[in-house]
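Dear colleague,

I am passing on the structure we spoke about, with the sequence alongside so that you can follow the notes below. Please look through it at your own pace; my reading of it comes after.

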Amino acid sequence: MLANTSIPVFEQLFNELTKTLPGDVFAFLPELVLCGTVIALLLGRLLGTDRWIPGHWTALVGTLIAFGFSFNAALGGIELSSVEATAEISRSELFSGLLINDGMTIFFRLFLLLFLVLVIALTVLSGIPDNEDGPDFYTLLLGATIGMMLMVSANHLLILFLAVEMASVPSYVLVGFLKGRRASSEAALKYVVYGAGAAGVMLYGTSLVAGLLGTAEIDQIAGKLSELTLTGATLRTILLGVMMILVGLAFKLSLVPFHFWCPDAFEGAPAEVGGFLSVASKGAAFALLIRVAGQLAGPAAVPPEIPVPGLEGLAISLAIGLGLVGAASSTFGNLAAYSQTNIKRLLAYSTIAHAGYMLLGVSAMILARHAGDTDLARDCVSGVLFYLTVYLFMNLGAFAIVALVRNQIYSEEIADYKGLAKQAPLLCVAMAVCLFSLVGLPPLGGFVAKFFVLAPVWKAGDIHPAMWLLVGVALLNTVFSLFYYLRILVAMFIDDRPTGQPVAKPDSVDKLYVALVSIPILLLGASPLIGKLSQAAEDAARDLFL
Amino acid sequence: MSNQPLFWIFALLTCGGAVGVVISQNIVRMAFSLIVSLGSTAGLFFLLEADFVGATQLLVYVGGTLVLLIFGVMLTASGPFQQIRVSPGETFLGAAVGLLLLSVIAFTVIDVEWDTLNAARTEASPGAESGNTARAIGLRLVGIPADHEIGVHEGRGGRTGYLLPFEIVSIHLLVVLVGAAYLARAKRRVADGSTGGEN
């Protein structure tokens, strides 16, 4: 196989590397820029330049450059697709099939980097890492984001595991970033223990799946699945492996019953970190879930008239199972949010509920894909992508306001928010926009997003009637959720501010930031931007099922 | 096999070390027996031409985990030779679980048809006897994909070399190291109210 003399080996190495590597590295530039930024942050501390150029500027500039590169790649993708009009052109594999560079990768890269820019800006405003800790904080933030960017482009089970770990381990430290506070350390410890357990289970699952299928490449899973005779022990083993992988992803998505870490971690972590984890980590995990789950539905080449015996059951039980988990997550998240008095804990339960809604889209995608309805499957995916984008703004907005208000009144209890609207009207109005959008009320982005997710799920009810039931549960949950979000708003707007409470005087920069984050929610609810974004989401989903 | 005497030496040391861990009541002696057992296991791997696994066994278990274990004992134990006493119930339970596992493994080993397996193995890859697994793995890590392995498919050139994970993991380790250093480091000054958050 490999020559024993060393010269041919080096020749082979050289040939392999010069053949594909330059192109691969070019497509990998945004990640590399982030890696470079991490090193620049460390060097800045070593050389002492971080006293003149604070860490947040280095991080911000690096992220913006990475954003520029990925934006450039996205523009290239659009030009390419309009000229060639075929989906296969814009889809390419990097690093000998370990990564995949398609519409969804580009979409999520922009999503993550835009979000990273917004989070860094927020941390500058709220000042949670001071100048001394800044380089450490941004190193961890960028390191986690590199992991998430690998998650969204993973095409190999090894990268799947590695990327999830790369995203998780810095997050553990970020959750415990406020050292010396008991709640913070406890939150980080809980997150670490649960995370390590989930990672171990997921690793075992990937080994079972890779061993049974004889491939570790994610886009080969569907083909290999259809070649197996899925009966008896094989079916049980593959089911076990798939479930174990899904446990790892469900942990990242904080779905019921793997959500226990979420409220504690969010309560103990600074609000900025909570916002980062709730959006970026979830978005990346959804991208990974869509890639894996799309393969588990089986190959498109098999027409539905010739059902592969085991595969049929596998796909449908997977779809219904994920749907039930999604419904349970949104129901449980909403019910548990009622009794919360800490706003970060309440928002943590709200993120559990929102992950549940989006999971319904994924489960409908599996069903549609299995039934051979590729268009519907793409609609499901683009719905989830749209939802995630709106979710970025509304959730970041809510967490940002919590962080900025905390700096003024030194509290994160809902009771201390009483009468805040008279002192900081803009912040409270923006909070109202975010929360109403989280509920999904009509003129706001949240409503459109919910519609885009649930409409394909409703359509998938034609394939399996359980989907109708799931949509019903989701709609009921939307109504439920109104009440606990309203509680915050009632405290802010209607109650009087008790005397002796600290006075909130937000800076004009704070106000500008909050306005910047909440205006997209309005635009995505009622403006031509809806069409633009849904078009982008459709473009991203188009390469997914060939 | 010409390695027969060596095999018996390593096998006896492996089992003897394992028995030593169970019999001994002194935690430092137990750790030493574990070193003997795990080190001999590495020797068995080398005899099986699995040099990479053998080296990993030495590095990770003997070199890493056990040294950590001994340091842990030295740092936490009140006396240098702490005794561990087990109740009869624990002995019974441990023996039951251990024997169960032993019987599972023994039955599995007996069930395998070694002759046909060996013949198939030499037929499939004649070079397997020559060892050198570390080199093949190393080459995959620097980007040369191996043939006839997981992930071979025609028309895509998609044979998997593991250059990317090998390189990107260094960034991961760097980031994690920074995080660990941050958590372990004492804060030089107390955060003032405006930046230190609530409370």
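I begin with helix H4 (residues 103-126) of chain A, whose 24 residues should span 34 Å at 1.5 Å a residue, and whose end C-alpha atoms are indeed 34 Å apart. Of those 24 residues, 19 are buried, so H4(A) is largely enclosed by the rest of the structure. Just after H4(A), the backbone at A:Gly127 takes a positive phi of about 65 degrees. Please keep in mind throughout that this is a predicted model, with an ipTM of 0.87 and a pTM of 0.84.

Chain A as a whole

Chain A contains 19 helices and two strands, and its C-alpha trace spans about 75 × 60 × 45 Å along the principal axes. For a compact globule of 546 residues one would expect a radius of gyration near 24 Å, and the 23 Å found for chain A agrees with that. Of the 546 residues, 59% count as buried, and of the contacts in chain A with a separation of 6 or more, 82% are made by residues 24 or more positions apart.

The largest nonpolar core holds 210 residues, and the members that touch the most others are A:Met151, A:Ala284, A:Leu288, A:Ile366 and A:Val384. Helix H14 (residues 374-409) of chain A gives the most to this core, contributing 23 residues. If neighbours within four places in sequence are left aside, A:Met151 is in contact with A:Ala163, A:Val164 and A:Ala167, and also with A:Ala284, A:Ala285, A:Ala287 and A:Leu288.

Helices H9 and H17 of chain A

Helix H9 (residues 232-253) of chain A includes A:Leu246, which is buried because 24 other C-beta atoms lie within 10 Å, where 20 or more are needed. A:Leu246 is 41 residues from A:Gly205 in sequence, yet their C-alpha atoms are 8.6 Å apart in space.

In helix H17 (residues 466-494) of chain A, the 29 residues should span 42 Å at 1.5 Å a residue, and the end C-alpha atoms are 42 Å apart, in agreement with that expectation. H17(A) nevertheless has a kink of about 30 degrees, centred on A:Leu486.

Chain B

Chain B is made up of seven helices and zero strands, following the pattern α-α-α-α-α-α-α along the sequence. Of its 199 residues, 15% count as buried, and 48% of the contacts between residues at least 6 apart in sequence join residues at least 24 apart. Helix H3 (residues 51-76) of chain B has 26 residues and reaches 35 Å from its first C-alpha to its last, close to the 38 Å expected at 1.5 Å a residue; H3(B) bends by about 25 degrees at B:Leu66.

How far should chain B be trusted in detail? The mean pLDDT of chain B is 77, with 74% of its residues reaching 70 or more. Among the elements of chain B, the highest mean pLDDT, 91, belongs to helix H1 (residues 4-23), and the lowest, 72, to helix H5 (residues 114-124). Over residues 148-158 of chain B the pLDDT stays under 50, and the model has 18 contacts beyond four places in sequence for them; over residues 191-199 of chain B it likewise stays under 50, with 14 such contacts. Where pLDDT is low, the predicted coordinates should not be read in detail.

Backbone points to check

Most residues other than glycine have a negative phi, and most peptide bonds are trans. Against that background, three places deserve a look.

- A cis peptide bond, with omega about 5 degrees, joins A:Val256 and A:Pro257; A:Pro257 is found in the loop between H9 and helix H10 (261-268) of chain A.
- A:Tyr410, although not a glycine, has a positive phi of about 55 degrees. A:Tyr410 lies in the loop between H14 and helix H15 (425-439) of chain A and is partly exposed, with 15 other C-beta atoms within 10 Å.
- B:Glu49, again not a glycine, has a positive phi of about 70 degrees. B:Glu49 sits in the loop between helix H2 (27-47) and H3 of chain B, and is partly exposed, with 14 other C-beta atoms within 10 Å.

With best regards

Key
Residues are numbered from 1 along each chain as its sequence is written. Chains are lettered from A and ligands numbered from 1 in the order in which they are written. This is a predicted model: local features need pLDDT of at least 70, side-chain atom pairs count only at pLDDT 80 or more; totals for chains, interfaces and linings use all residues. Helices (H or I, at least four residues) and strands (E, at least two) are DSSP runs, numbered from the N terminus. The radius of gyration is taken over C-alpha atoms; the globule rule is 2.2 Å times the number of residues to the power 0.38. A residue is buried if 20 or more other C-beta atoms lie within 10 Å of its own, exposed if 12 or fewer, and partly exposed in between; C-beta atoms are placed from the backbone. Two residues are in contact if their C-beta atoms, placed from the backbone, lie within 7 Å. pLDDT is the predictor's confidence in each residue, from 0 to 100. A nonpolar core is a set of buried Ala, Val, Leu, Ile, Met, Phe, Trp, Tyr and Cys residues joined through C-beta atoms within 7 Å. The expected span of a helix is 1.5 Å times one less than its number of residues. The bend at a residue is the angle between axes fitted to the seven residues ending there and the seven starting there.
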